[in-house]
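Here's a walk through how one model is put together on the inside. Have a look at it first, then read on.

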Amino acid sequence: MGTNNQTWVSEFILLGLSSDWNTQVSLFVLFLVMYMVTMLGNCLIVLLIRLDSRLHTPMYFFLTNLSLVDVSYATSIVPQLLAHFLAEHKAIPLQSCAAQLFFSLALGGIEFVLLAVMAYDRYVAVCDPLQYSAIMHGALCARLAITSWFSGSINSLVQTAITFQLPMCTNKFIDHISCELLAVVRMACVDTSSNEVAIMVSSIVLLMTPFCLVLLSYIRIISTIVKIQSTEGRKKAFHTCASHLTVVALCYGLAIFTYIQPHSSLSVLQEKLFSLFYAILTPMLNPMIYSLRNKEVKGAWQKLSWKFSGLTSKLAT
């Protein structure tokens, strides 16, 4: 009977970032603005790619997927975080906690695989430009995107099922901003070494394997760029990859710090900050990185703004 009382927990309490009311209100305003900017930026990128036929290429097809992942990932965490900033009782039901863990873990995994796919796309564009259209045809792009979504979702389903089969302690307090994998596993009343091994294995498969593929792609890309004779040609080839390389550094860097090194080497506050950065700042920065460093996107923005200005003038007259 005692075991059942320990096993079946109906809700968890998320301790979040601060218990001070004024600090929570300030954080609510800050993260609400950042979330709105994230939603607006990524939705505009998707809309822009849909409306401008010049952006109907494999690179922007994958960028559309990345923007959808970013919006979904932020939405799986930030609204609940905002609600808890203004709530006295910061509870999350068991089912909601499991759902949040599943979606955040799935979307994170999808992003890692998608970034590796985008690195392959850049590799083909730089190293074999004449065959680019023949290699990166529509059917292959669709298969690569489906593989990204499928692999991330399957990994998350397995991890979530394993985690929530653990008997939970009567202590319901999760010292985190969300139902993050490591934070939930620590709530178990039993030895979790097998779960930690499973987390490490999935991190290697879904994080380090794509990361190694990205590294290999960029080693080949850099070796090709170095062989280009003209300075202008080298510059153009580098700018083709600059945006993607910046996003890779942000996403993989944070994830490796969080999941690959032993969790004992990170403080709870560091884990919270890494999760927060990945949930809010990275999705907010991605569309800015691709917009500010990309001439094609800048041109599409200008074209769209001219169309909008012309439409506004017509309506005014």
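Start with Y252: leaving aside residues up to four places away in sequence, this side of the story has Y252 touching F112, L115, A116, L207, P210, F211 and V214. Keep in mind that this is a predicted model.

Y252 also turns up among the residues with the most contacts inside the largest nonpolar core, along with F31, L66, L115 and I280. That core has 61 residues. Who chips in? Helices α2, α3, α4, α6, α8, α9, α10 and α11 each give at least two residues to this core, and α3 supplies the largest share, with 13 residues. Apart from this core sits another one of 13 residues, including I92, L166, M168 and C179.

Now for a pair of those helices, α4 and α8. How do they pack? Their axes lie 9 Å apart, at an angle of about 15°. Angles under 35 degrees count as roughly parallel, so α4 is roughly parallel to α8. The crossing of α4 past α8 is left-handed.

Here is who meets whom in that contact:

| Helix | Residues of the helix | Residues in the contact |
|---|---|---|
| α4 | 94-127 | G109, F112, V113, L115, A116, A119, Y120, R122, Y123, V126, C127 |
| α8 | 193-227 | L206, L207, P210, V214, S217, Y218, R220, I221, T224, I225 |

By type, the residues of this contact come out as 16 nonpolar, three polar and two charged. As a rule, nonpolar side chains tend to be buried together in soluble globular proteins.

Key: Residues are numbered from 1 along each chain as its sequence is written. This is a predicted model: local features need pLDDT of at least 70, side-chain atom pairs count only at pLDDT 80 or more; totals for chains, interfaces and linings use all residues. Side-chain values use heavy atoms; hydrogens and water are left out. Axes are lines fitted to C-alpha atoms, for helices over the stretch in contact, and angles run from 0 to 180 degrees between N-to-C directions. Helices (H or I, at least four residues) and strands (E, at least two) are DSSP runs, numbered from the N terminus. Angles under 35 degrees count as roughly parallel, over 145 as roughly antiparallel, 65 to 115 as roughly perpendicular and the rest as oblique. A crossing is left-handed if the near helix is turned anticlockwise from the far one by less than a right angle, and right-handed if clockwise. Contact means heavy atoms within 4.5 Å. Ala, Val, Leu, Ile, Met, Phe, Trp, Tyr, Cys and Pro count as nonpolar, Asp, Glu, Lys and Arg as charged, and the others, Gly among them, as polar. A nonpolar core is a set of buried Ala, Val, Leu, Ile, Met, Phe, Trp, Tyr and Cys residues joined through side-chain atoms within 4.5 Å. Buried means under 20% relative accessible area, exposed over 50%, partly exposed in between (1.4 Å probe, protein chains only).
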